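Here are a few exercises to help you find your way around a new structure. Try each task on your own, then walk through the solution.

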Amino acid sequence: MPEKKIRVLIAKPGLDGHDRGAKIIARALRDAGMEVVYTGLRQTPEMIASAAVQEDVDVIGLSILSGAHNTICPQLMKLLHEKGMNDVTVLVGGIIPEADIPALKQSGIAEIFLPGTSTQDIVDFIHKRVALS
Amino acid sequence: MSEQRKGSTQTVPPSEESSAHREPSAQEQAWEKNTLQPALEKNPERQTEFTTISGHPIRRLYTKADLANWDPSRDLGFPGEPPYTRGIHSTMHRSRLWTMRQFAGFGTAEDTNQRFRYLLAQGQTGLSTAFDLPTLMGYDSDHPLSEGEVGKCGVAISSLADMEVLFDKIPLADVTTSMTINSPAAVIWAMYLAVAEKQGADWKEISGTLQNDILKEYIAQKEYIYPPEPSMRLVIDTFEFGVKNTPKFNTISISGYHIREAGSTAIQELAFTLRDGLEYVEWGMHRGLHVDQFVPQLSFFFNAHNDFFEEIAKYRAARRIWHKAMVERYKSKNPRSWALRFHTQTAGCSLTAQQPYNNVVRTAIQALAAVLGGTQSLHTNSLDEAWALPTEFAATIALRTQQIIAHETGVTNTVDPLGGSYFVETLTNEVERGAREYIDRIDAMGGMVAAIERSYPQREIAEASYRYQVAVDKKEKIIVGVNDFVAEEKPLDILQIDETVAHRQAARLKKLRADRSQAEVDRRLNALRAAAKGKENLMPFLYDAVKSYATLGEICDALRDVFGTYEEVAIT
């Protein structure tokens, strides 16, 4: 019997439209055998949390390059908690100053992938993480 | 590497035709037999196939045999004359250097005004304004969707009051200003014209560039508000207004930069940008403007990526394609419409977060390609821009890079120094041919708006971008410091924009709304709405609205009421 596929929501929050990274990750995870839902652009934390519940995902990947991460991430984590989605793994990819990383992890973000990360590293991280949970 | 070739989105890889017709001279054949073959047996080459960063195949050696059908009098010509392969001016950088125009903007209007004045004091010769995401999307700084984004990626401009501060003590009669704004471009331009008027500058004399290129927003950067039809109407309104009122202002900067940053190949960047250009020309003519009335005010904007010769070939091919299109397709009679003028920015996407000081070197090489390709204006990225907007320290090195190229290297001493190179001329031909194939395909789809609605360019770019990522992940393409030559390092000191910018903006907006005549604002916004429902040129209505200190968000909302908003079909 085939294993249940890992379900991932790739989301692009905030006003920024630079979606090259989000699209590459969506495709790389799909090529690695995961079920990927891409939200499209300009999603509010509310829209992302609702989509995560509706799609019953194991992982949420946020692509943020605009500097709005310190506003968006805590809002999303709070909403996920309110909706009882405490097991979902939330990842952030994009331009995140190193100084901001500890606070983001504190808020419940599982990992932050900076520019230059290979897509294989992200695939491996998700496999390992989902196997543990 | 053949995999890469197979995955290419071009049906016919451009080089195949030329290789098929290649007839090497007796001397070349003898060289292959007597010198090359023994050398290859002893020392095989490092790869079976060599390609540009775009995946375009490159031969070992280029000779006269590659230029069999090349006619220098037809294909190269002389600088300042058709087909402009060698540049649009007869003396190029010997008479006038390119404009050193560093893109800047962060925080509030006061913060950016200070940076502008600093850059001018350092010898920069033109201004270029970066707006923050709320401004680019037509939201005021105090809109709920602006939270976390105010002043982060550029300067926050919510009304004419902010614009007055932005250009305080900067004489708009003397300094040319470029503004990177697209969906709300007409509104921001109206604010700029109002500031110019207040300073006493003559609109007929002021010069600068409005980016105003909505098509590449749908294709690549995705900062759109309205659907394509009304967005195109706004663009053509600015063309029409510019012809009458600001003859020296570039009403658009048709941009390949963002297309390339989204992951396209060099050929795609060139093809989609020029096809966008043709689309604007056709919409302008459809409005009733004569081609030679408004095309001289159209300018272009290209990327300068890492692959040195491919970039140079791209700029040379761009001029040749544009000239031909103007003369043959639109029967233009005015040489000012034929000559493609362009700004260049070095490739932001080539900067690495790792070992960021290496970015100074990358940027210098990219800038050199732009100069050798005959650019009119140039922005060089700062070493820290993979992390944040640049610090003053990093921005200064970026400007100095241009000054070193201009004054120390000697590359400006002669026009088109690479002209006549077997390789550069062959690559120029191949890039031109590849771009023409794309242009023909988009013509067959019914033009660029139709192609965008079918997600055609979006899909082509996404394919190319993924192909490149796979090549990097497999180490077929090396990025120094990222997938090879990796080292441990200390974090860089970067510019941080805090949330006090948003608070200051919110307070300023509150005061603005209290101080202005609300009745007057309402009256002018209603007039704008009524005009938007009809066919009138909207520029005078936008100008009236900004003068009453109606905010950017209020004005864009009035147009949202009439035009609606646009959502793309998300493809991955």
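**Exercise 1. Get a feel for chain B.** Work out what chain B is built from and how compact it is.

*Solution.* Keep in mind that you're looking at a predicted model. Start with the elements: chain B has 24 helices and eleven strands. Next, take the radius of gyration, which is 24 Å for chain B; the globule rule gives 25 Å for 572 residues, and the two are close, so chain B is as compact as a globular protein of that length. Then picture a box along the principal axes: the C-alpha atoms of chain B fill roughly 85 × 60 × 45 Å. Finally, check the inside: 51% of the 572 residues of chain B count as buried.

**Exercise 2. Look at where the two chains touch.** Which elements of chain A give two or more residues to the side that touches chain B?

*Solution.* First, the contact itself: 29 residues of chain A are in contact with 32 residues of chain B. On the chain A side, the elements you're after are helix 1 (20–31), helix 3 (69–82) and helix 5 (119–132). Helix 1 of chain A gives the largest share, five residues. Now sort this side of chain A by class, and you get eleven nonpolar, twelve polar and six charged residues.

**Exercise 3. Split chain B into domains.** Find the domains of chain B and describe how they meet.

*Solution.* The domain assignment gives domain 1 (72–473) and domain 2 (509–563) of chain B. Their centres, taken over C-alpha atoms, are separated by 29 Å. Across the boundary, 28 residues of domain 1 are in contact with 18 residues of domain 2. On the domain 1 side, helix 7 (160–166), helix 8 (185–199) and helix 10 (228–245) of chain B each give two or more residues. That side has 17 nonpolar, seven polar and four charged residues.

**Exercise 4. Track down the largest nonpolar core.** Which residues have the most contacts inside the largest nonpolar core?

*Solution.* This core has 181 residues, and those with the most contacts inside it are A:Ile60, B:Val187, B:Ala190, B:Leu542 and B:Ile555. The largest share of the core, eleven residues, comes from helix 8 of chain B. Domain 1 and domain 2 of chain B each supply at least three residues to the core. To finish, zoom in on B:Val187: leaving aside neighbours within four places in sequence, B:Val187 is in contact with B:Leu542, B:Val546, B:Leu552, B:Ile555 and B:Cys556.

Technical notes
Residues numbered from 1 in each chain as written. Chains lettered and ligands numbered in written order. Predicted model: local features only at pLDDT ≥ 70, side-chain atom pairs only at ≥ 80, totals over all residues. Helix = DSSP H or I, 4+ residues; strand = E, 2+ residues; numbered from the N terminus. Rg over C-alpha atoms; globule rule 2.2 N^0.38 Å. Buried ≥ 20, exposed ≤ 12 C-beta atoms within 10 Å, placed from the backbone. Contact = placed C-beta atoms within 7 Å. Nonpolar A, V, L, I, M, F, W, Y, C, P; charged D, E, K, R; others polar. Domains from an automatic or database assignment. Core = buried A, V, L, I, M, F, W, Y, C linked by C-beta atoms within 7 Å.
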